[in-house]
Structure formats: C-alpha cells, structure tokens
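Student: I've got a model to go through with you. Could we take it part by part?

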There are 2 protein chains.
Amino acid sequence: MEDIRKYLDAERGTFERDLCQLLAIPSVAADSKYHPDVRRAADWVAGQFQAMGLKTEKIETIGQPLIYAESPAIPGAPTVLVYGHYDVQPADPLNEWVTPPFEPTIRNGNVYARGATDDKGQMLTHVLSTRAWLKTRGKLPVQLKFVIEGEEEVGSKGIYDYLKQPGVTDKLKSDIVVISDTSQFAPGQPAITYGLRGIAYFEIRLTGPKQDLHSGTFGGAVTNPLNALASLLHALRDANGRVQVPGFYDDVLALSDRERKQFAALPFSDESFKEQLGVAGLYGEKDFSTLERRWARPTFDVHGLWGGYQGEGGKTVLPAKAGAKFSFRLVPNQDPKKIAASLETFLKERLPPGITMELIYMSGAQGCVVPLESPFMAAAEQAIETGFGKRPVFIREGGSIPIVTNFKQQLGVDTLLLGWGLDDDNTHSPNEKFNLGDFHRGICASAALWEEIAKIKR
Amino acid sequence: MEDIRKYLDAERGTFERDLCQLLAIPSVAADSKYHPDVRRAADWVAGQFQAMGLKTEKIETIGQPLIYAESPAIPGAPTVLVYGHYDVQPADPLNEWVTPPFEPTIRNGNVYARGATDDKGQMLTHVLSTRAWLKTRGKLPVQLKFVIEGEEEVGSKGIYDYLKQPGVTDKLKSDIVVISDTSQFAPGQPAITYGLRGIAYFEIRLTGPKQDLHSGTFGGAVTNPLNALASLLHALRDANGRVQVPGFYDDVLALSDRERKQFAALPFSDESFKEQLGVAGLYGEKDFSTLERRWARPTFDVHGLWGGYQGEGGKTVLPAKAGAKFSFRLVPNQDPKKIAASLETFLKERLPPGITMELIYMSGAQGCVVPLESPFMAAAEQAIETGFGKRPVFIREGGSIPIVTNFKQQLGVDTLLLGWGLDDDNTHSPNEKFNLGDFHRGICASAALWEEIAKIKR
C-alpha cells in the first residue's frame, strides 16, 4: 500500500477542500425550504463518482434521490456495498454556533460544520479511498457499490421504498455492507460497532378548548392542554426510568454476561463523562451502567415541546393546543410498530376530559446486533489497525442506523460499522465537528479495507 | 337624566370612533418593541381628559406612565376614584385573528380588536360618561379622580410603586373606587363582581447538559430537561386537581354555604358551557361545581412550554434547556409570596440529577372579596338597572385585578367592580371583542352612577 499511502499524503489538502465544498451545502432534509440544497448535495456526490470514472446513476425515489455508483466486478473477490448519506440534521439553535453551520471552518485540527461527522465527512472517506486506488492503481481489488441517500435524518423513506422495487436486490447484491456513521470509542481508540439501537419516533398534538382562553376566567373549569401534555409525558416513565407502555420490555434482547463484562472493561468513567457533558449527575434506568444504558437499554426522550405563550413577559393564557415530539430508543428484538400500537392505547386511556389527541408515528427502525465472528470483521479489524495504528475495540452504539436492519432483511447481508467520529463531535447539536486527523486516518483505513477484503475468497 | 340620555344617544357614533382610535394603538406592555405605542395610548387618554377640561397629569413611574385627571371637589358629595388600564395583552397567535388585532373592525354589533373589552372599551365608558355630564350640565355631581395605568397586563409595577410614594394617598383620597374590567354574568344579565382571585405567576428554566446532545448516543445516560420539565409540572397537581405545594390550601377562605347556594341558583349549565368552549368534558378540582372552581378555588395552569426542536419533521435531540411559564390562581387570604417560597422548595426537592433550575417569580397578587353591604353597592345596583334595564346579580370572577387589593391596602378604600364585558369576549385570546350595545349601556350606567353616588351623604 506504499503507493496509495503516498497518494493519500499528497492529496490531504485536496481532500479537505472537497469535504468543505460538500459541507457548505445546507442539505437539511427535515425542512422543505432546504430541499433544493438537498438535491445540490446529491449532484455533488454524483459528480465525485463520475469524475473517477465509476458507472454512476441518480436514482429518483418517492423522496430524495439516491446516488448509486459501481466499479467493475472482480472475479473471485467479494463485492462491498458502501452506504452513506448526504443529508444533515437541522442546524438550530443557530445562535449557539461559533461559526455558521454551513460555512465550514477549520479550528484546532477540526472542521466545524453541520454534517461534518454525520455523515458527510465519514461517508467521503470511502469515496476518497476509492479515488486513491483508482488514481494510483487504475483499478480496485474488490467490486465496490455505493448507495448514498439524502433522507437518513428524516426516516429514509426513499431508500426503503427503493429496496423493495423489483431488481434492486440483484443490483445491490453484495457480500458485506460498509457504513461509517458511528464513533470511535475514544480519541485514539478506534472501534467497530457491532450493535445499534432502534427507534420509534412520534409527534403528539393535543387540543382542548376551541380557542385560547383567559386563565383567570376559565382556569379550573377545563383541562389545560399544556398541563395534560406534561402529565401524559410524565406517565410514560416511572421514577426508576422504566418506560410504562405495556409490553415495552417483552421483546428486549438482554445483554449477555460476556457483553456486560466487556463493557465494564472499557476505559470509561462516569466522572469524566459528567465533566464532558457539563452535568452534576447522571440519570437513567436503575441497575444498569452508563454504557449499558446508552448502548443496550431502551429509553424515552422528549425532543421538543410547544404550546401557549413563549415570548417576553407573562401571558395568562389557557391555550387551546399543545404538542411534543418524542421517541423511544429501542434495542434488538423490540418492534417499533408493536410499541406504537401499545403507546396509542396507553395514551388514549389517560387522556383527561375535554382533550383530543392526534398521535403521529413519524418513523421507526429496529435495533440490531451484527455477528462478531466473520472474516469481514477480521478484515475490518486489520484495516483499522493499518489506518489508525491501533487495534479497534468492539462496542455498541446508542443511535439508530435503521438501514442496517433493512439491508439485513432485504439483501440478507451484514454490515460493518466502522466509525471515525468522536463522542464529542456534537452530532445533532450546534458546533458539529470532525477531526481532520481522523478524516485522513479513515481514508487510509478504508483504502486498506478494500485490500483486506480482497484477501477473502468468495 | 333625560338631558344626559339624549346626549348619549346623539353621540353614539362619536363614542365608537373614539373607541376605535384607541384600539388601533398596539399598546402591548409585555413586549418592549411596542413600548412607544404604549406611550402613544397614554397620551391619547390624557388628551381625552384635557379636552373636557379636567386637571390632567402624565405621571412618570418606574414603568409606564400613569394618566391622572380630576374634576373639582363637590362639597358634601363623595369622591370616586376611577381606575382602568390602557395597555393590552399580546395578540399572538396572530394567524387566528379574523381581522388584524389592531385594526378595529365592527361585525354583528361587536367591535373586534385586542383590548376591546380588556380594558380600553370598558375603561372608556367612564371617560365618556364624564364627558356627557360636563357637556350637558357643565359640571359633575361628585368629584371624580381618574388613574389610568399602562402595565396592568404585566404586573402593574409602576402604579404599585407610585401608590407608596409620599403624598399619593392624599392625592388619590376617595370614598370608593370604580373599575370596569370584568364581565356581565351573561348577555342581558349584568352583574356586580364582589370577589376576585389572586395570582402567583412564574417562569421556570431548566438546564441539563452544557449543550444539545444526540438522543441516540446519549439517551439513557443523563436527565433530559424536557422530560424533567414534564415531570415537575405534573407533580404540581394530583389526579383530583389538587395543587401539591405544601401549605397551598392552608389560608384558603372557604366559600360560605350562602355563597355556594347563590352560585348554584345562577342560570349556568355545564352543558352549554362545554358547547361554548368546544370541549367534550370539563375538568377541575373534585367536589366543587364549575362556577365554584372558576371563581373561588385556586388552580394551577401552564401558560407556555418550550424547548428542543419545534420545526417540521423529526430531530433526535436531547436538548440542553427547557422552560415554562405557569401560574396559580389564588383565592382570598392566600399569600402569593408564601406560595412562591413553598413552591421553590417543592421543586428543588424534586429536581432530578444533572438538572439545574432557575425559578422566576414574575408577579403576584392577592385575591379579594368586597363587602356586599354598603351604600355604594346599592348605588351601583341602581345605576346598572338604569343603564342596562335589568338589576344585576352578585358574582365573583376568576381573574385577578390585583390593584383592588392594593387600593384597599394603600388607600383603605373598597372597589365596585362593574363589568360590561361578556364571557365570550375572547380576552387574552384571538378575536377579542366588545359588544357595542354594552359599550353604550355601560356609558349610561356610568353616567347614572355618578348621580346615584351623589345621593350618598358623606
């Protein structure tokens, strides 16, 4: 790999410029006013593949377009499907960004921008390692297929629908999927993520009186939708942090003793974690460690609340409406649809008089665990050591990458989750960043991965 | 009063034009961007008094200015202090107004505008009845003192401070206060309000992690401020609608059996009330009727909630901050400051790990009851019969007019609460209105009131 390493070293500046170009496009899939930018990001990604001579397609879906690219088949060598996404989370609250979210800025060896690590920066490592192979050797040691989507942050409807279309299973046929959309365990300690949580995401809208009322004249006579909302959200969890929706824990895949021991052996301290987050105390489900709660236990989190008067000063209003967005993080085996149905019954039974509810099931995904014993896992372990100079640890991750479950179900193929990010990258928060050292190490690990996988006989 | 009645009939158009002029000024005291308009409204009111030849002052305070005016003393006749306010509630949500809140519009015999009934329209009835006396007879039968403030909707700090200044007690010395800022019992059934609720209004701000976090990576590890907010607000009330703050009910002045019977005898039906509000059911403290709960029982209402992502689509954020505005309506004898202290302890004891709280006591006022037996009450009863053609009933009102308690405490004088509004006037809500028939009947009743009070010997 000396020739490729040399190329990577020489091209560092070019790679960073390419990354900043993509980060400057505000491809926020959740907000329709950014949809033209979402398409611009798609076209930018397609342009990268075309420029390196890959067969490239822009596939229209029921949502945002997919960018598909493939290199020629290599007889006797495996085929790798690389997945990533070019859309990003909304950037609010804007006033908390040190530099604007869509003006990528390099400070202290990091690039700051929305999408820096999730997932534009990480996704690009595989695009650029492919460019490196093609520019250096003229061909790849394995067949690569790329599918890069633009709706990961809003439920991936387009790609899920596409995966069910006739012929798609054949087109995407591969031996392993590679995704970089997770984190290292710690700075300098790379990791392979073998388990992910699922999610069931909801919006609740409560309506009380037909219009806002004066809380003096009417307070005490009718249910206030804001009070009702607080009580309903409270009811979803008990004092020990256990979700109260009936049947919620029925299908939970328990952690094995071996996993609990592995987690406990990782260099993680509640004290430094508290310091990292700036909190005086941690909180969660009783009888589980912090890593267990983050990686392998289901949760309930409210993501947004609204209703009534939010302005300056006081307003004595009894508002007609209230709403919230919330989700449950799920663990392997829990079924988001089953939980959605049970949740609706639970909330309906607790609706106070005079309140009507609309419960919207916005998106869902199952959690998953990927088998640790497979030659692809060993190949990834070796490639990461090549790129990062350190063997990875095996961890889980609390976030959801529902596409992993979909690839398993639709294509019958497992996924290598190779995360180049860090826990303090501020994904989904102001001042998202990606360490440029990790960016380049990720490109190198990816280049090595194609070589390691090529050694696996089909 | 024939001459005055004739004048009132002839001037109806002028009175309505005057009202619309004042309603067109967006004097929202809660929002500093409207403060120049608040002062414009003050000047407009001062101009009315000057035009009718009253001694008029614009009194600067620590907040918005007071407009003070007085007519000459009438030896042997009582002095009446008329109080009102020229400021209004915020107009949000703007998109629910049929016509813009500060473009007064007449439809179906009502004028629609923010402040139409609360309190510009009602306050003006006394200004215009005074004009009628002066234009018709050249003098008033009693001495009138007007004090019209501009911060009633934000806690009346300016006038409270002014009332404590040296000399003010003498300046405002009077035998009775008259305020029209309440409602009739029903259309065609005027009322005198002899009791008001107090209020203790708060803002709570919770802070968790030092910044927004990804709910996948961090959910389950730390307290989510939105979840914490829901639980704290829920904890403030039990399932029977009882406030849980320790000592909250200790000082509550219970309703007498006579009052409960009087309330029960009023023509009020839960069924038509539900229809008016557009709710399928009513809700409140157990074992009390709807009127009792609205008029004479304390409550807890959330007025606004915020935090996290409120935009389109979903965002899996574990937000750093959450907040709410809420208040307790209080009944006579409850002390808002005592309750504020107990509340703070109650909430602090329940703060979950990793959450810090800022509790802001925004404003407070004690409730009050005014004695039914007094010659002024009888005078008001007669004047209302003259103006409205029907004897009033005696009711309470759930809202707070904290100035009534202040006048009692600072000036030692009781207040006649003569409400010309209606329950469906949408005070504090979109499409606030004031019935123009009631506006004119209110002016006539006010004109008659000066005559009736003049009959009371000092």
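Student: Before the contacts, which domains does the domain assignment give for chain A?

Tutor: This is a predicted model, where local features need pLDDT of at least 70, side-chain atom pairs count only at pLDDT 80 or more, and totals for chains, interfaces and linings use all residues. Residues are numbered from 1 along each chain as its sequence is written, with chains lettered from A and ligands numbered from 1 in the order in which they are written. Domain bounds come from an automatic or database domain assignment. For chain A that gives domain 1 (2-197 + 367-454) and domain 2 (198-252 + 298-365).

Student: How many residues of domain 1 of chain A are in contact with domain 2 of chain A?

Tutor: Contact here has a cut-off: the C-beta atoms, placed from the backbone, lie within 7 Å. The domain centres, taken over C-alpha atoms, are 35 Å apart. On the domain 2 side ten residues take part, and on the domain 1 side the count is ten.

Student: And between the chains, which element of chain A gives the most to the side that touches chain B?

Tutor: Elements are DSSP runs numbered from the N terminus: helices are H or I with at least four residues, strands are E with at least two. In this interface, 84 residues of chain A are in contact with 84 residues of chain B. Several elements supply at least two residues each, including α8 (225-235) and β13 (321-330) of chain A. The top contributor, with nine residues, is β11(A).

Student: Which residue stands opposite A:W306?

Tutor: Strands pair if DSSP finds at least two bridges between them. β11(A) and β11 (residues 299-308) of chain B pair in the antiparallel sense over five bridges. Across from A:W306, in β11(B), is B:W306.

Student: Back within chain A, why is one side of β4 and of β18 left without a neighbour in the sheet?

Tutor: The sheet is open and antiparallel, with its three strands in the order β4-β5-β18 (chain A). β4 (105-107) and β18 (433-435) of chain A have one side free because each stands at an edge with a single partner strand.

Student: At about what angle does helix α15 of chain A run to β18(A)?

Tutor: Axes are lines fitted to C-alpha atoms, for helices over the stretch in contact, and angles run from 0 to 180 degrees between N-to-C directions. Helix α4 (residues 116-137) of chain A packs on the sheet, with its direction at about 45° to that of β18(A). Helix α15 (residues 436-454) of chain A lies across β5 and β18 of chain A, and its angle to β18(A) is about 60°.

Key. Two residues are in contact if their C-beta atoms, placed from the backbone, lie within 7 Å.
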